[in-house]
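Thank you all for coming. I would like to walk through one structure with you this morning, starting with the sheet and what packs on it, and then moving outwards to the helices and a few individual residues.

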Amino acid sequence: MGNRKIYGKICRDCLVMYWVPVLFYAAELVAGQVLHTYSATVLGRFADFALGGSMAEGIADLRRILVSVGLSIVLPLLFSVLGEVTMFKASLGHGCLILERFLGKTFQAAGSIRGSEAQYRLEDDQIQLGITWVNLMMWGISLPFVAAYLLYWSVRSLGWFAAVVFGVCLIKLFLPLAMRKALERYDLQERECKSAIRGLESEMVGKPVQVCLYGLQGGFLKRLERAMRDYRERVYAPKAACETQVDQVTAQMDTVCLLLLLASGAVAVSLGGLSVGAIVAMSGYYYIFNAAMDYVVNIIKNVPLCRNLVKRISLFYTDAEHTGGARIWRVESLILQGTGFAYGEEEVFADLRQEVRIGARTAVCGRNGSGKSTLLKLLCGLYPGYRGEIRVNGMELREISMESWREKCAYVEQSPYLFQGTVWENVRLGRLDAGEEEVWDAIRRVGLEELAQREVTDDQEALSGGERQRISIARALLRKGDILLMDEPGNNLDEKALSWLEGFIRDYRGTLLFISHDERMLALADEEIWLD
């Protein structure tokens, strides 16, 4: 998928998730600025009545001003609250959507991303993208309405002088336009530096025992210090100087512009071209003109930043796993026809020809590094880049829906990973729609009833290796797949746990593929697949 299509998909996702808060925030800006414009217009007319001695006629305008001011407080506040509430909900939804994109990547592509890098982009970049995108859309939607309404009343009240006000306000755009490329470059460099720093911190915090055990504290701290110094000198300092220049010059230009307008307004009044009321209205219009120009300045400054964020988030939109294909209702045959696989230039195995007998226990054998674990991952559809064919019910695996196929497969890892929660909850993750009794049945089949409510801690020391392996097997059994794949299930188990596993394999009824070096386990197999 090309970059343009990916960027378009990211923007469409933002539109779907954030359109409601965008409308509320835009309504807040439009309501506030339109009411301020109307107040300024009526205030100018009231000033002319007051100076002309016609206070009776001006009282009606004074009432209009008070009503307008009241509405300019209530309406924007209401829209702002609605915007904040819907923005929070939309941001949570967008975060889940980006995470779903990440989980939808191919196994190899997802595994190639460092955990700290993925976390930084999923958290900081996703949140900033949502905020930046909403702001750009809010300013983009509200600006035409505010500008049209403001120009209508200012031209009616001030005539040619409205063009002078507008022209003076345009001066503010010069510096942001001139500096936008530099700000975009510094923003991208800053995010890259922060990602690198986050990675070093995660590595240190994630393995504190090893860092202390091998005496690596000094080395890690020096690396972190170098990364921070590089960030400070190469990115932060020049970026801060650039942003300060833009902000300071823009602020000074506000003062210069206001002085120019007041001076030219005084000249126009002395020449009889404008009334005092028009000057009063002009002062209010200038504030709104200025706000409109601020919208434009913010758009100029934020478009490059949004572009950077889209580029970084695009990491989760590339290398998406194929989701189409035919559905599988029951696995009736599984055949390997000239199947081979290589990691880059390094070939693991080649020209593997074997029919996996349905309903049999099949052992996958071979020396270390011969590709046994890789073969099981191929059968799970995790490595689509294999050579030859893997045929299921006569169809090539690449033509089958991976969602449908994985519903038929249950996989037990070599080193089971358990999530925080109870043993019961860890088993339940095998199939979230399973009933409570089904979960208990899977737990009973592996003999873990007494441990069902035990908490699994982060370091997983509360459970033995055999108990963790049983939880993983129970999780796989709960899936009720047609094929059970077990990668070195007896790895690092004590004699008692191995005896239980031996009994489990002996008594299992169904299609089972397992990897093992233990002669007792291999003796239980009905068939063998040898990799050399």
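Before I describe how a helix lies on a sheet, one term has to be fixed: when I give an angle between two elements, it runs from 0 to 180 degrees between their N-to-C directions, with axes that are lines fitted to C-alpha atoms. Please also keep in mind throughout that what you see is a predicted model.

With that in hand, helix 14 lies across strand 6 and strand 9, and its direction is at about 175° to that of strand 6. Helix 15, residues 495-507, also packs on the sheet, where it touches strand 3 (361-366), strand 9 and strand 10, and its direction makes about 155° with that of strand 9.

The sheet itself is open and is built from five strands in the order 6-9-10-3-11, with parallel pairing. Which strands stand at the edges? They are strand 6 (409-412) and strand 11 (527-531), and because each has a single partner strand, one side of each is left without a neighbour in the sheet. From one strand to the next, the twist averages 15°. Looking at one pair in detail, strand 9 (residues 483-486) and strand 10 (residues 511-515) run parallel and are joined by four bridges, and in this pair Ile483 stands opposite Thr511 of strand 10.

Let me turn to the nonpolar cores. The largest has 39 residues, and those with the most contacts inside it are Val427, Ile473, Leu484, Met486, Phe504, Ile505 and Phe514. Helix 14, which spans residues 465-479, gives the most to this core, with six residues. If we leave aside neighbours within four places in sequence, Phe514 is in contact with Thr362, Ala363, Val364, Met486, Ile505, Met521 and Ala525. There is also a second, separate core of 31 residues, and among its members are Leu352, Leu378, Met402 and Trp405.

Away from that sheet, strand 1 (residues 334-343) pairs with strand 2 (residues 346-356) in the antiparallel sense, over seven bridges, and Leu336 has Gln354 as its bridge partner in strand 2. The two strands form a hairpin with two residues between them, and Gly344, in the turn, has a positive phi of about 70°.

Now the helices. Helix 6 (residues 174-206) packs against helix 9 (residues 276-313) at an angle of about 35°, the axes being 9 Å apart, and the crossing is right-handed. The residues of this contact divide into nine nonpolar, two polar and nine charged.

Helix 4, residues 115-158, holds Gln126. Is Gln126 buried or exposed? Gln126 has a relative accessible area of 4%, and therefore counts as buried, since the cut-off for that word is under 20%. Leaving aside neighbours within four places in sequence, Gln126 is in contact with Tyr18, Ser91, His94, Gly95, Ile98, Arg121 and Ile313.

Finally, a word on backbone angles: most residues other than glycine have a negative phi. Asp319, in the loop between helix 9 and strand 1, has a positive phi near 55°, and with 48% relative accessibility Asp319 counts as partly exposed. Asn393, in the loop between strand 4 (387-392) and strand 5 (395-396), likewise has a positive phi near 55°, and at 26% relative accessibility Asn393 is also partly exposed.

Terms used
Residues are numbered from 1 along each chain as its sequence is written. This is a predicted model: local features need pLDDT of at least 70, side-chain atom pairs count only at pLDDT 80 or more; totals for chains, interfaces and linings use all residues. Side-chain values use heavy atoms; hydrogens and water are left out. Two strands pair if DSSP finds at least two bridges between them. A crossing is left-handed if the near helix is turned anticlockwise from the far one by less than a right angle, and right-handed if clockwise. Ala, Val, Leu, Ile, Met, Phe, Trp, Tyr, Cys and Pro count as nonpolar, Asp, Glu, Lys and Arg as charged, and the others, Gly among them, as polar. A nonpolar core is a set of buried Ala, Val, Leu, Ile, Met, Phe, Trp, Tyr and Cys residues joined through side-chain atoms within 4.5 Å. Buried means under 20% relative accessible area, exposed over 50%, partly exposed in between (1.4 Å probe, protein chains only). Contact means heavy atoms within 4.5 Å.
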